[in-house]
Amino acid sequence: MLCQGMVHLFRQRSLCPNRLRNRTFFNFFRKSAKSAQAESAPLLTEDNLFSPFSKSPFPAVRARGEAIQSLATCPVCASGHGEAHTHTKSQPLAVKFECPDCGFPTHCTEEHWTADGEHAKYCSRLREVNEDEHDLRSGRKMREFQLPGPQAYEEAISFANWDVFWYTRGFPSMDTERSRRHASKLLTYPLTIGSILHQNSGLTLSNQRVTPEGSRSLAALRTTLHVPPGAPDTEEAGAAKPQMRIFVLGARAESSLPPHAWEQLCMLFPSCHFHLYFIGPQVSLPRPASSPPPKPPNESEMKEDSISQNSTLENVSTAQESTNTTKQGEEPPVYVPNIYEPPTPAPIARLKRTRSSIELYGVPSYTVPYTPQLTITGLQANYAEVHAQFQDTFDPYTDVFFLFSPGFGFPSPNSVSELDGKPYLQVASPTEWGPVVPALLATRCAIFVTGFSPADVERDIRSIETAPDVAGEFEWVVTPGENAFGSEKWEVADFDPRVMVKTNWGVWGIRGKGREVRERSSFSLF
């Protein structure tokens, strides 16, 4: 559920934003020329971000308002409480009235908006989301997306929380809550991984987030991730170390993150070489080499709104929100609703060293050696289709699995039980996670899972405790709890604006249960 409008903002890579600019003696007398690349005036100012969806200057926001109106129902009508409503069967209970305080379509009429006493409980959050969406497209320079470069050897990194991490990593100061929300949403995926695996992790035995079994699994991984005590943790120190493989299964939005956002993971482990595998049917693949660059959609609407050509952010963001299933020759939709199943992200930019890997894996895939420390591979397939190619190579010292909001406890949309005709849970579905989770447990590698809310975490845990071939076959690595590096931005469901979650709110981890074999002495018979 990554905001696609955010992605283009991170294409410009800034390794050391806080480094002072050197000036020579001759530069002292030179006039400070304002280059042509000077910052253009933003389309919206900090105090003018709010706008009702139907009156937004950006086509993607207006299209989202229309999607909500077509999907969501009025909560007052649906509640069935109070006096009888005048609606008939031919009149859908769709939300057509936009709240003047938050700008979202929330009720069918102003009368029901006035009568709804519950709306005030979440109205402020909706307004916050409204302003965040407009801020991302406002055209201002997003300094919160200036990512720092390598960490100095003598500078330790703290994973206590976002604030301490940003300070110890040398990020630009996050002066507003909005900046915090934007930056946390960008970095929640790489930082969730890094904060769990790092030796300075806030998940420890002392706070009961890590179990004794988990401490052994993490200790094994950290022998690869770090150097021995006293040795310099530099890139040269990792020349003889094996590569660390991180498998992100069921990948969606995380596969469309720009590579330099994932490179922040390498900055946390200077001596380690990473190979990231994004595996899932919704993995975003690179744009074909022969295809022309995407055209900005809805150019006529942009002209009608008198938006200047400097609003390239809006053009790219709306293009990113289209799916890669669009047929050739068709205009991509301005906005794809996030109803029930998030849409497949748009094709990602094709980098210079990107190459196809379909001959190697037999499924649509790519590999890009982004830096000497980071290689990224994406496979657009269910993990069960490619597990056989990896199953004999797994090592608990060098391999780890991450599943971001896999939806174990949700009903399967594809598989139905033959006994009672009810849908399987996805963790037991033969077309989804059913054959995958037992195969992961058999590797004995650590498996870390996130959830977008407390209810989602609880639902997933209850499902694995009853799933066939999973229940009783795992042991805890990390106990369920809040993730200190979850996104701080609210994500609103288009089918019901009252449903709001935060990406990677919670995290927990398991591994396959060990079986100890002891030789019985012959004397034990007597």
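**Group meeting: a helix, a sheet and a few odd phi values**

Okay, let's start with a backbone oddity: right after helix α15, Arg444 adopts a positive phi of about 65 degrees. Before I go on, keep in mind that this is a predicted model.

So what about α15 itself? That's the helix covering residues 436–443, and six of its eight residues are buried, so call it mostly covered. If you want to click on the buried ones, they are Val436, Val437, Ala439, Leu440, Leu441 and Thr443. And what sits over them? The cover includes strands β3, β8, β11, β12 and β15, plus helix α14 at 383–390.

Those strands bring us to the sheet. We have an open sheet of nine strands with mixed pairing, and reading across, the order goes β5-β6-β7-β4-β3-β8-β11-β15-β12. Which strands stand at the edges? β5, residues 355–356, and β12, residues 474–482; each has a single partner strand, so one side of each has no neighbour in the sheet.

Let's zoom in on one pair. β11, at 447–451, and β15, at 506–512, run antiparallel, with five bridges joining them. If you'd like a register marker, take Thr450: its bridge partner in β15 is Val507.

Now, α8 packs on this sheet too, touching β3 (244–249), β8 (399–404), β11 and β15. Its direction relative to that of β8 comes out at about 135 degrees.

And α8 has a helical partner. α7, residues 162–169, packs against α8, residues 177–197, at an angle of about 85 degrees, and the axes are 12 Å apart. Angles from 65 to 115 degrees count as roughly perpendicular, and α7 and α8 therefore fall in that class. Who's touching whom? From α7 you've got Trp162, Asp163, Phe165 and Trp166; on the α8 side it's Arg180, Ala183, Ser184, Leu187, Thr188 and Leu191. Sorted by class, that contact has six nonpolar residues, two polar and two charged.

Next, a serine I'd like you to look at: Ser365, in strand β6, which spans 365–371. Buried or exposed? Ser365 comes out buried, at a relative accessible area of 8%, and the cut-off for buried is under 20%. Its side chain has a couple of backbone atoms to talk to. A polar atom of that side chain lies 3.1 Å from the backbone oxygen of Ser357. The Ser365 side chain also reaches the backbone nitrogen of Ile358, at 3.3 Å. Leaving out residues up to four places away in sequence, Ser365 touches Leu285, Ser356, Ser357, Ile358, Gly378 and Leu379.

Last bit, back to phi. Which other residues should you check on a Ramachandran plot? One is Ser405, not a glycine, yet its phi is positive at about 45 degrees. You'll find Ser405 in the loop between β8 and β9, with β9 at 411–416. Its relative accessibility is 15%, so Ser405 counts as buried.

Then there's Asp469, again a residue other than glycine, with a positive phi near 65 degrees. Asp469 sits in the loop that runs between α16, residues 454–464, and β12. Buried or exposed, this one? Asp469 has 61% relative accessibility, so it counts as exposed. So there's a nice contrast to take away: Ser405 is buried, whereas Asp469 is exposed.

That's what I had. Questions welcome.

Key
Residues numbered from 1 in each chain as written. Predicted model: local features only at pLDDT ≥ 70, side-chain atom pairs only at ≥ 80, totals over all residues. Heavy atoms only, no water. Axes fitted to C-alpha atoms, helices over the stretch in contact; angles between N-to-C directions. Helix = DSSP H or I, 4+ residues; strand = E, 2+ residues; numbered from the N terminus. Parallel < 35°, antiparallel > 145°, perpendicular 65-115°, else oblique. Contact = heavy atoms within 4.5 Å. Nonpolar A, V, L, I, M, F, W, Y, C, P; charged D, E, K, R; others polar. Pairing = 2+ DSSP bridges. Buried < 20%, exposed > 50% of the residue type's maximum accessible area, 1.4 Å probe, protein only. Polar contact = N/O pair within 3.5 Å; in protein donor to acceptor, adjacent residues only side chain to side chain.
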